[in-house]
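Visitor: I am new to this structure and should like to understand the terms used to describe it. May I put some questions to you?

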Amino acid sequence: NSVTTIEREAFYNCQRFTGDLTILSSITTIEDKTFSGCFGFNGKLTIPNSVTTIGISAFYQCYGFKGDLTIPNSVTTIGEGA
């Protein structure tokens with residue numbers, strides 16, 4: 001079975017996250033508050049074309065984000081406060 005969802009609050013309050021993060025190409029949904037409260041993220045965050053949904057507050061109160069973030073055209077829903 002392939003993982004298709006990054007669960008709610010999976011990286012909640014992650015501190016001083018260094019390096020790049022590449023989300024698997026099997027992921028279709030980034031749930032609510034997945035990266036909420038993260039700070040010091042200094043790498044590149046790659047969201048693949050398979051992702052169609054970014055949940056409510058997925059990146060809420062992320063501070064110190066210094067890397068690149070590209071949201072692909074495949075994303076059709078971005079929740080409030082994301």
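Visitor: How many positive and negative side chains does the protein have, and how far apart do the centres of the two sets lie?

Guide: This is a predicted model. The protein has 5 positive and 7 negative side chains. Lys and Arg count as positive, Asp and Glu as negative. The centres of the two sets lie 9 Å apart.

Visitor: What makes β2 and β4 a pair?

Guide: Two strands pair if at least two bridges are found between them. β2 and β4 (residues 45-46) have two bridges, in the parallel sense, and therefore meet that definition. Within this pairing, T22 stands opposite T46 in β4.

Visitor: Why are β2 and β6 said to stand at the edges?

Guide: The open sheet has three strands in the order β2-β4-β6, with parallel pairing. β2 (21-22) and β6 (69-70) each have a single partner strand, so one side of each lacks a neighbour in the sheet.

Visitor: Which helices and strands does the protein contain?

Guide: There are zero helices and seven strands.

Visitor: How do you know that the protein is as compact as a globular protein of its length?

Guide: Its radius of gyration is 12 Å, and the globule rule gives 12 Å for 82 residues; the two values are close, so the description applies. The C-alpha trace spans about 30 × 25 × 25 Å along its principal axes.

Visitor: What share of the residues is called buried?

Guide: Of the 82 residues, 30% count as buried, that is, under 20% relative accessible area.

Conventions
Residues are numbered from 1 along each chain as its sequence is written. This is a predicted model: local features need pLDDT of at least 70, side-chain atom pairs count only at pLDDT 80 or more; totals for chains, interfaces and linings use all residues. Side-chain values use heavy atoms; hydrogens and water are left out. Helices (H or I, at least four residues) and strands (E, at least two) are DSSP runs, numbered from the N terminus. The radius of gyration is taken over C-alpha atoms; the globule rule is 2.2 Å times the number of residues to the power 0.38. Buried means under 20% relative accessible area, exposed over 50%, partly exposed in between (1.4 Å probe, protein chains only). The place of a charge is taken as NZ of Lys, CZ of Arg, CG of Asp or CD of Glu.
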